[in-house]
Amino acid sequence: MTSIVQTGSLSGVQAYGVRVEASPIRGLPGFDIVGLPEAGIRESRVRVLAALRNSGFELPEQRFVVNLAPADLRKSGSSFDLAIAVALLAQCGLCAPNKLADTLIVGRGGGSLEDLW
């Protein structure tokens, strides 16, 4: 089962909806990000894992793939960190996924993830 979190992105002055989908896969523990992420988003793996651990959460020893959809929209910045963290927590049963269907998760870039909790 895939957990889905709704967030958004800006391209110039145009706003776009983005779905953050977290799914378990086979492999070594950790997660990969797909869906046309730029370098800042690929680096979020380290930021998100550190913030989750520092907040008292432990992900299971499992591998996940995090898809940022739509894949044809380039995504950049650290504003996706919070949505990625919530999608992973929902996938692991550490937050209520039924409450996410009608919720838009909005993070801000440039700060630490701990500032957003």
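Two strands count as paired if DSSP finds at least two bridges between them. Helices (H or I, at least four residues) and strands (E, at least two) are DSSP runs, numbered from the N terminus. Welcome to the close-ups! This is a predicted model, in which local features need pLDDT of at least 70 and side-chain atom pairs count only at pLDDT 80 or more, while totals for chains, interfaces and linings use all residues. Residues are numbered from 1 along each chain as its sequence is written, and side-chain values use heavy atoms, with hydrogens and water left out.

**View 1. Here is the whole protein, with its four helices and four strands.** Along the sequence these elements come in the pattern β-β-β-α-α-β-α-α. The radius of gyration, taken over C-alpha atoms, is 13 Å. That is close to the 13 Å that the globule rule (2.2 Å times the number of residues to the power 0.38) gives for 117 residues, so the protein is as compact as a globular protein of that length. Its C-alpha atoms fill a box of roughly 40 × 30 × 30 Å along the principal axes. Of the 117 residues, 38% are buried, a word that stands for under 20% relative accessible area, with exposed meaning over 50% and partly exposed in between (1.4 Å probe, protein chains only).

**View 2. Four strands make an open sheet.** Their order is 1-2-4-3, and the pairing is mixed. Strand 1 (3-11) and strand 3 (30-34) are at the edges with a single partner strand each, so one side of each has no neighbour in the sheet. On average, neighbouring strands are turned by 25 degrees against each other, direction ignored. Axes here are lines fitted to C-alpha atoms, for helices over the stretch in contact, and angles run from 0 to 180 degrees between N-to-C directions.

**View 3. Now follow the bridges from strand to strand.** Strands of a sheet pair through backbone hydrogen bonds, either parallel or antiparallel. Strand 1 and strand 2 (residues 14-25) run antiparallel and are joined by nine bridges; threonine 7 has valine 18 of strand 2 as its bridge partner. Strand 2 also pairs with strand 4 in the antiparallel sense, over seven bridges, and arginine 19 meets alanine 69 of strand 4 there. Strand 3 and strand 4 are parallel, with five bridges, one partnership being glycine 30 with arginine 63 of strand 4. Five of the seven residues of strand 4 are buried.

**View 4. Helix 3 (residues 81-91) lies across the strands.** Strand 1, strand 2, strand 3 and strand 4 (63-69) are those it crosses, and helix 3 runs at about 35 degrees to strand 2.

**View 5. Helix 2 (residues 44-54) has buried residues.** Ser44, Val48, Ala51 and Leu52 are the buried ones. Seen down the helix axis they fall within an arc of 100 degrees, so they line one face; the arc is that of the directions from the helix axis to the C-beta atoms. The face turned away from this buried side carries the exposed Val46, Arg53 and Asn54. After helix 2 comes glycine 56, with a positive phi near 90 degrees.

**View 6. Leucine 104 sits in the loop between helix 3 and helix 4 (113-116).** Leucine 104 is exposed, at 55% relative accessible area. Leaving aside neighbours within four places in sequence, leucine 104 is in contact (heavy atoms within 4.5 Å) with Gln6, Thr7 and Gly8.
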